[in-house]
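Hi,

Here is the structure I promised to pass on. Have a look at it first, then read my notes below.

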Amino acid sequence: MPRVIFELPDHFAFSTEVQIYISHVNQGGHLDNAQLLSLVSEARLRFFQEIGFPEPELPDVSIVVGDIVAQYKSEGFHGEVMCIRMTPADFNRYGFDLVFSVTEKSQSREVARGKTGIAFVSKTSRSVVQIPAATHAKLLAMSKD
């Protein structure tokens with residue numbers, strides 16, 4: 001299988017820091033690949049909180065992750081602080097890609113990069129819905145900064 005090659009955008013609209021805990025480390029002594037997804041999920045939650053989603057006036061609308069691609073660049077270790085940057089890209093009617101970059105804070109060493117496909121869904125029907133207008137406007141503005 002060919003390696004995943006993923007180019008990063010020039011601009012990221014959001015950044016947060018997450019520390020690697022001992023529970024994130026595998027038997028090889030470095031950040032476990034499944035735990036990388038956990039760190040990215042925490043950053044994604046913070047990203048959506050930053051933009052005010054879920055919208056209080058639309059309590060039935062939620063998000064799901066449809067897919068994820070990750071390219072590992074180096075190891076992460078217990079105690080290191082990861083700077084996780086994110087930006088929205090590649091919009092469609094029902095969602096967008098949330099591009100991410102993970103770097104170790106003190107040395108700016110790149111640990112991973114990738115993107116998650118985000119779809120908006122109705123909690124009631126469990127089917128996709130259009131991106132809520134206010135959220136869509138915020139996401140579009142972030143993608144152009």
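Before we count anything: helices and strands here are runs assigned by DSSP, at least four residues for a helix and at least two for a strand, and they are numbered from the N terminus. Keep in mind too that this is a predicted model.

With that in hand, the protein has two helices and five strands. Starting at the N terminus, the order of the elements is β-α-β-β-β-β-α. The radius of gyration is 16 Å, close to the 15 Å that the globule rule gives for 145 residues, so the protein is as compact as a globular protein of that length. The C-alpha trace spans about 45 × 35 × 30 Å along its principal axes, and 37% of the 145 residues are buried.

Now the sheet. The five strands make an open sheet, ordered S1-S3-S4-S5-S2, with antiparallel pairing. Strands S1 (14–19) and S2 (61–72) are at the edges with a single partner strand each, so one side of each has no neighbour in the sheet. On average, neighbouring strands are turned by 25° against each other, ignoring direction. For one pair in detail, try S4 (residues 95–104) and S5 (residues 109–122): 10 bridges join them, and Gly95 sits opposite Ala119 in S5.

And the helices? H1 (residues 33–50) lies across S1, S2, S3, S4 and S5, at about 135° to S1. H2 (residues 133–144) lies across S1, S3, S4 and S5, at about 115° to S3.

One last thing, on contacts: among those between residues at least 6 apart in sequence, 70% join residues at least 24 apart.

Cheers

Notes. Residues numbered from 1 in each chain as written. Predicted model: local features only at pLDDT ≥ 70, side-chain atom pairs only at ≥ 80, totals over all residues. Heavy atoms only, no water. Pairing = 2+ DSSP bridges. Axes fitted to C-alpha atoms, helices over the stretch in contact; angles between N-to-C directions. Contact = heavy atoms within 4.5 Å. Rg over C-alpha atoms; globule rule 2.2 N^0.38 Å. Buried < 20%, exposed > 50% of the residue type's maximum accessible area, 1.4 Å probe, protein only.
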